Amino acid sequence: MTTAGSPIETLETKLCPWLAPAFEQLQAARRAQRLGHAWLIAGPSGIGKLNLALVAGAHQLLRDAASPPQPLGPAEALAALGARYAPADHDADLHWIHPEEDKNTVSVEQIRDLIDALSLTAHGGAAKVVIIEPADAMTPPAANALLKTLEEPAGDAYLFLLSSQPGRLPATIRSRCQRLDVRRPTPAALALWLGVTDTTVVADAWQMAGGAPLRVAALLSADDPHKNNDLRTIIAAISDGSADPIAIADTWAKGDTELVLIWLTRELHAELRRRAGSGGSTAVTVRPDPALHNAWRPLTLKTLFEQYDKAESLLNQLGSGVNLELAIQALLVGFHANRGQS
């Protein structure tokens with residue numbers, strides 16, 4: 001039984017609106033008794049793949065007793081996803097596999113434990129649901145261990161493999177799954193969900209976040225003044241050499257890394273546009289921060305571009321097994337070590 005009021009209950013019972021077509025596709029297959037046992041749910045990071053899998057999984061476990069999902073709003077979505085790994089009870093027949101604490105990969109031991117669990121009778125007597133998040137974080141031995149289960153799942157088991165980089169998965173894994181690509185909402189639809197009337201603000205954030213709606217929501221929520229002030233102070237201190245980037249990297253790696261990187265890419269993007277000029281565009285909706293502009297003044301344009309590329313690349317690699325702390329260290333050190341270099 002899922003803990004009432006927990007992030008998992010929220011993500012099982014409510015659905016982001018742009019996920020409805022993908023969910024209906026799964027439901028239609030289930031009603032027609034054509035639902036495959038292994039699904040690869042693909043889409044960029046921040047599009048809501050976990051939300052879709054948890055709602056679909058709950059409907060598999062509860063069958064006709066499941067109620068239609070209610071709409072999931074932006075603030076609730078960000079809060080639930082940000083706390084999704086917090087300890088809470090969930091259905092005993094839901095097997096949710098993700099990198100363990102302080103790890104970046106899904107190990108072969110986790111997959112072997114999963115296989116053992118799937119060999120047992122379902123507690124509810126109906127079905128067993130597996131979610132692997134992200135599937136591309138599986139080590140090669142883990143992926144190999146999963147192959148037979150994908151071919152011949154034990155009993156009434158359904159596996160949902162979530163991936164923002166499906167090309168990283170072995171071809172043997174991809175070929176054994178039905179693929180479901182999650183489509184991004186348009187900026188106009190996203191603005192409606194966010195309750196933002198100025199669509200140019202959303203369109204600019206949409207472009208920066210690669211169209212990933214939850215990243216857009218996090219990006220716009222990053223306008224929290226207290227949060228901004230703390231991050232601004234940290235980056236400025238690293239830039240002038242008064243803060244230790246290694247200690248900061250350790251803190252960021254253990255916190256809400258995605259939101260911090262979204263904020264940082266936004267500020268770098270704004271500073272680059274300030275230096276390069278808007279090219280006649282009137283759609284500059286993210287203004288460069290004066291404190292950061294002063295802190296970054298000694299950095300060359302080339303260095304700023306490199307820092308922006310590093311931050312954006314790291315954002316896209318979250319959950320892929322990258323050594324997060326070392327990658328953040330390299331990024332932060334660049335704000336000080338590269339001062340004045342061309």
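**Core, helix 4 and pocket**

The largest nonpolar core in this predicted model has 76 residues, and those with the most contacts inside it are Ile 131, Phe 160, Leu 264 and Phe 335. A nonpolar core here is a set of buried Ala, Val, Leu, Ile, Met, Phe, Trp, Tyr and Cys residues joined through side-chain atoms within 4.5 Å. Buried means under 20% relative accessible area, exposed over 50%, with a 1.4 Å probe and protein chains only. Helix 13 gives the largest share of this core, 8 residues; helices are DSSP runs of H or I, at least four residues, and strands are E runs of at least two, numbered from the N terminus.

A few words on conventions. Residues are numbered from 1 along each chain as its sequence is written. Local features need pLDDT of at least 70, side-chain atom pairs count only at pLDDT 80 or more, totals for chains, interfaces and linings use all residues, and side-chain values use heavy atoms, with hydrogens and water left out.

Next, helix 4. Ala 77, Ala 80 and Leu 81 are buried there. Down the helix 4 axis, the buried residues fall within an arc of 95 degrees, so they line one face of the helix; the arc is taken over directions from the helix axis to the C-beta atoms. Ala 75 and Gly 82, on the other side of helix 4, are exposed. The buried residues of helix 4 pack against helix 1, helix 3, helix 8 and helix 10, where contact means heavy atoms within 4.5 Å.
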